[in-house]
Structure formats: structure tokens, C-alpha cells
Amino acid sequence: MWQAEVRIDLDAIRDNVALMRAGTSAEVMAVVKGDGYGHGLVPSARAALAGGATWLGAATLDEGLALRRAGIGVPVLAWLHSPGLPLHEGVEAGIDLSASSLHLVEELVTAARRAERTARVHLKLDTGLARAGATPAEWPALLEAAAKAQADGDIEVVGVWSHLVYADVPGHETTDRQLAEFADGLAVAERFGITPRYRHIANSAATLTRPDAHYDLVRPGIAVYGLSPVPGETFGLRPAMTARARVAQTKRVPGGQGVSYGHAYFTQRETTLALVPLGYADGVPRAASNAGPVQLGGKRRTVAGRVCMDQIVLDVGDDPVAPGDVATLFGPGDDGGPTADDWAEVVGTINYEIVTRFGSTRVPRVYDGTAGVPA
């Protein structure tokens, strides 16, 4: 008998990727960073490949190496590298690595020589996000260093890429400016003799709404898991994660009873309280106190009082709720129940954070479906 669980629909992940793959002539890189956005790194990767992805995206070297240890041999790009990492391990494993600065090109040359293997590199241009990537002013120097390293046989420039700022707002003028900046950066790269096989800038939102940004490769992330990057639009995606728990206890209390720490909630009349064993140690945002929606007994309820480390309380009135009944915090919403988007709205965050919180906790993941499951 389970107490609390996070269920992952692998077939939904497969179908979400297949939907996006059908909408583009570019190859699809399914981004599986952050432990597959909380859905599980390796199972999510395999399900995405079953849906037609040909690349996988990982933020860190360790994530990329974990995919290789799992026996996944498709192209993998890892892009976030502090100085001094054992990049030679990534080169040895055939992982593509990103370079945003001169020092990273130098480290990749050293790594390639140590691995005795040419490093596959993607050069990143900062077109306006102001995170990783060379600025337009720095771009020529990065290209010059990369071209020399490529001529020496130490690296192969496989890709040039960038990251969008406002793609989740279709039609935002910033996206147009970034695409123009990216096109300029590609033209400069060509003058340095760099003509990469893969040019990529499209995230989930641009994959779904900006075909002019697709180039050779698109990099959907949150949409792989069925959550929309554009508020108010679903695009036919299906959420893959459901978080739920069995009621641990119910009790009748009088009106005026304070509930949970600090008595931030008081009952209005005699009522039944239901204790649900999920709390902020499991991913429930504490900011969802007196706000988080939960489906229980066929009705949508609201967290009563403060979210605790291990539990929340629901005021269910006179409804016949009993220990063992299933309380669903979020899922695909088929029965009118809450979704990750609903939780994001009440706590002022994004659906990305909600699923990543729930999937990286002590609550066990349970997988449904067969997509990507070894026979």
C-alpha cells in the first residue's frame, strides 16, 4: 500500500515529442536536465527518443555522463560548465559540450588532448538573454579561437546556438531582434570558416509557435512533459506527472478551531479535517498555504492553513472522506482536478518549478506506460 507517490506517464512524454516532431523539419533535442524536469532523467530520455527525438539536452556534464552510463548513445549536449571540470570525461564519452568563452575553448582543447579524441563543440552566442554565451562584441574572438582549435584537430564545431528571452509571449518584438542577432552571428561565423551542421535557438515555445526559429535543431524542454510554455494554450500536449497521496487521518472539529502552525486558518463551523501526508519536503510550496488546490472526494478543495514539512490539511466539511481516500494535488486535469499550472498560478511561479519540485523529493516515482521501456 502506498502513502504518497508521483506518477509519470511515459507514453504522454512520447506522444508530446511526437507531436512536436510532426510540426517541424528540424531534428528534435529533448531537454532532460533537472532530472527530466522532475520526471526522471533516464526514463524521460528513453520515452522522448521513442517519440522521435534524436538528441538529448543536459545542463551539466554529470547529467550527460549519467545518460551515457545508462547506455544511451544518441547525441547529447551538455552546456553549463564552471572552470576546472573534468571535461575530458565528456569528450571520452562522446558528449557534445558548449563553449561560451575563450577560457572554455582552451579547456576543451586541453580536454581533447587528454582524451586523445576530438571534442564536439557548440559555440554559444548571447543574443540578449545575458546568461551564458559570448556577446556580439566577444563573438569574433571566440570564433577565431575555435577556428584555430578546429584547424589543429582538437575540436569540431558541431553547432552554433543561442537562447530566447520572450518566446513564451508569441509575437514579442524581442524574439525578432534575437533571431536577427543570431542570423548575424551565423554570418560572422561563416567568415571565420565555421559552418556548423546544427544551428539552434528554438525552445519549447518557439518550437510550437515560431517555425522561422527552427533552423536545424529545436530544443523543447517543458513541452516534452506536457506542460505548455505559453499561458492559456495547450497545443494538444498532455501533462505526464500526477502527484497524489492517501489521506492519513480525518477528525471532526468544532467551529472556530485553528488549523496548523500559527492558526492561519480557522474553521467556520463544525467540520471534518483531512490530513494529507505531503508537505514542503515533498515539493509542496509553503507559499501554497491557504491557497493550494487539491482534488479529494470528487471535489476541489483548498489547503487549510500552513503547509508543513510533511503534511497539509484540508477542510472537507461534512463530506464522507475517510483515511485511505486519494487526494490529488495535480495531474492532467481530466476530471476537473487541479493541474501544475493551477498550482503555479496560486503561488506566483511557473509550471516548470512545480513539477521539478515534486519530482526531486522523497516521494517515490511510479511509471505508467511502455514508451522507451526496454523489452
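User: Which residues does UniProt list for "active site"?
Analyst: The model here is predicted. The listing comes from an unreviewed UniProt entry. Under "active site", that entry gives Lys33 and Tyr261.

User: How far apart in space are these residues, up to what distance between C-alpha atoms?
Analyst: In sequence they are spread over 229 residues. They are spread in space too. Between C-alpha atoms the distance is up to 35.4 Å.

User: Which of these residues does the lining of the largest pocket include?
Analyst: UniProt's unreviewed entry lists Lys33 and Tyr261. Of these, the lining of the largest pocket includes Lys33.

User: Is Lys33 buried, partly exposed or exposed?
Analyst: Lys33 is found in helix α2, residues 33-37. Its relative accessibility is 29%. Buried means under 20% and exposed means over 50%. Lys33 lies in between, so Lys33 counts as partly exposed.

User: Is Tyr261 buried or exposed?
Analyst: Tyr261 is found in the loop between β12 (258-259) and β13 (265-266). Its relative accessible area is 59%. The cut-off for exposed is over 50%, so Tyr261 is exposed.

User: Leaving aside neighbours within four places in sequence, which residues is Tyr261 in contact with?
Analyst: For Lys33, with such neighbours left aside, the contacts are Gly57, Ala58, Ala59, Glu63 and Trp79. For Tyr261, with such neighbours left aside, they are Arg306 and Cys308.

User: Which strands are the edge strands of the open sheet of eight strands?
Analyst: Strands of a sheet pair through backbone hydrogen bonds, either parallel or antiparallel. In this sheet the pairing is parallel, and the order is β8-β7-β6-β5-β4-β3-β2-β9. An edge strand pairs on one side only. The edge strands are β8 (198-200) and β9 (217-218).

User: What is the bridge partner of Leu123 in β7?
Analyst: Strand β6 covers residues 119-124 and strand β7 covers residues 155-161. They pair in the parallel sense over six bridges. In β7, the partner of Leu123 is Val160.

User: What volume does the largest cavity have?
Analyst: Rolling a probe the size of a water molecule over the atoms shows where empty space is left. A search of the whole structure finds one cavity of 30 Å³ or more. The volume of the largest cavity is about 30 Å³.

User: How many nonpolar, polar and charged residues are in the lining of the largest cavity?
Analyst: The lining is made of Leu227, Pro239, Met241, Phe330, Gly331, Ala340 and Val355. Gly counts as polar. By class, the lining has six nonpolar, one polar and no charged residues.

Key. Residues numbered from 1 in each chain as written. Predicted model: local features only at pLDDT ≥ 70, side-chain atom pairs only at ≥ 80, totals over all residues. Heavy atoms only, no water. 1 Å grid on protein atoms, 1.4 Å probe; cavity = no way out; pocket = protein on both sides within 12 Å on 5 of 7 lines; lining within 4 Å. Points joined across faces, edges and corners; volume = space filled by probe spheres on them. UniProt positions renumbered as here; feature names shortened; annotations may be inferred. Helix = DSSP H or I, 4+ residues; strand = E, 2+ residues; numbered from the N terminus. Buried < 20%, exposed > 50% of the residue type's maximum accessible area, 1.4 Å probe, protein only. Contact = heavy atoms within 4.5 Å. Pairing = 2+ DSSP bridges.
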